[in-house]
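Good morning, and thank you for making the time. I would like to go through one structure with you, residue by residue where that is useful. Please have the sequence and the coordinates open as I speak.

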Amino acid sequence: MTETELRVSKIENGTVIDHITGGQALNVLAILGIDGSSGEEVSVGMNVPSDRLGRKDIVKVEGRELNQNEVDVLSLIAPAATINIVREFDVIEKHRVSRPEEVSGVLSCPNANCITTENEPVESRFEVLEEGVRCAYCDTIIREAIAAHISVA
């Protein structure tokens, strides 16, 4: 394989998520609700060489453009990711993810006593910190394994 060859073919229409932290591609698929059972066309590259990150993952999803909520959640596990919108094989939009100040309804609080874990009609809400996320209700901080607390369907 030469430097100019593609490891994965181009997509016609959809989204390419590039510069994902190495080893996080499967978590990205979980955030997007992609498990292979619905027939989505997806290409995944894991731990491929990257000048910027050393090793990175890439996810290409045919026929789907991400919404802002999905991008916000992705930023928690892949803060260096770039989102490329592809139409007719051309990248028409490209931007880096930016971490939001807060995310709602996408993470589950690990504190068993938190109001969001009971049968209350309370949507989870987390403040995004430099070193993790903090529950707005009980102040529990999640610093590691944020992906394990993602509850997006």
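Asparagine 47 counts as partly exposed, because its relative accessibility is 39%; here buried means under 20% relative accessible area, exposed over 50%, and partly exposed in between, with a 1.4 Å probe and protein chains only. This is a predicted model, in which local features need pLDDT of at least 70 and side-chain atom pairs count only at pLDDT 80 or more, whereas totals for chains, interfaces and linings use all residues. Residues are numbered from 1 along each chain as its sequence is written, and side-chain values use heavy atoms, with hydrogens and water left out.

Asparagine 47 belongs to strand β2, residues 42–50; strands are DSSP runs of E with at least two residues, helices are runs of H or I with at least four, and both are numbered from the N terminus. Although asparagine 47 is not a glycine, its phi is positive, at about 55°. Most residues other than glycine have a negative phi. Glutamate 88 is also not a glycine and has a positive phi, of about 50°. It sits in the loop between β4 (82–87) and β5 (90–96), and with 63% relative accessibility glutamate 88 counts as exposed.

What does the side chain of aspartate 57 reach at 2.8 Å? The partner is the backbone nitrogen of asparagine 47. Aspartate 57 itself is found in strand β3, residues 54–62. This aspartate is buried and has no salt bridge, that is, no side-chain nitrogen of Lys or Arg within 4 Å of a carboxyl oxygen of Asp or Glu. The nearest side chain of opposite charge is that of arginine 55, 8.7 Å away; Lys and Arg count as positive, Asp and Glu as negative, and His and the chain ends are not counted. Leaving aside residues up to four places away in sequence, aspartate 57 touches several others, among them Ile17, His19, Thr21, Gln24, Gly45 and Met46; contact means heavy atoms within 4.5 Å.

I turn now to the sheet. Four strands form an open, antiparallel sheet in the order β6-β7-β8-β9, where two strands pair if DSSP finds at least two bridges between them. Strands β6 (102–104) and β9 (141–142) stand at the edges with a single partner strand each, so one side of each has no neighbour in the sheet.

Three bridges connect β6 with β7, residues 125–128, in the antiparallel sense. Glutamate 102 has glutamate 127 as its bridge partner, and valine 103 has phenylalanine 126. Strand β7 is also joined antiparallel to β8, residues 133–135, by three bridges; there glutamate 127 stands opposite arginine 134. Four residues lie between β7 and β8 in the hairpin that they form.

Which side chains of β7 are buried? Phe126 and Val128 are buried and point to one face, while Arg125 and Glu127 point to the other and are not buried.

Finally, the cysteines. Zero disulfides are found in a search of the whole structure, a disulfide being a pair of cysteine sulfur atoms within 2.5 Å. Why is cysteine 109 not bonded to cysteine 138? The sulfur of cysteine 109 lies 3.5 Å from that of cysteine 138, its closest cysteine sulfur, which is too far for a bond. Cysteine 109 counts as buried because its relative accessibility is 7%, whereas cysteine 138, at 26%, counts as partly exposed.

How values were computed: A polar contact is a pair of N or O atoms within 3.5 Å; within protein, one must be able to donate a hydrogen and the other to accept it, and residues adjacent in sequence count only if both atoms are side-chain atoms.
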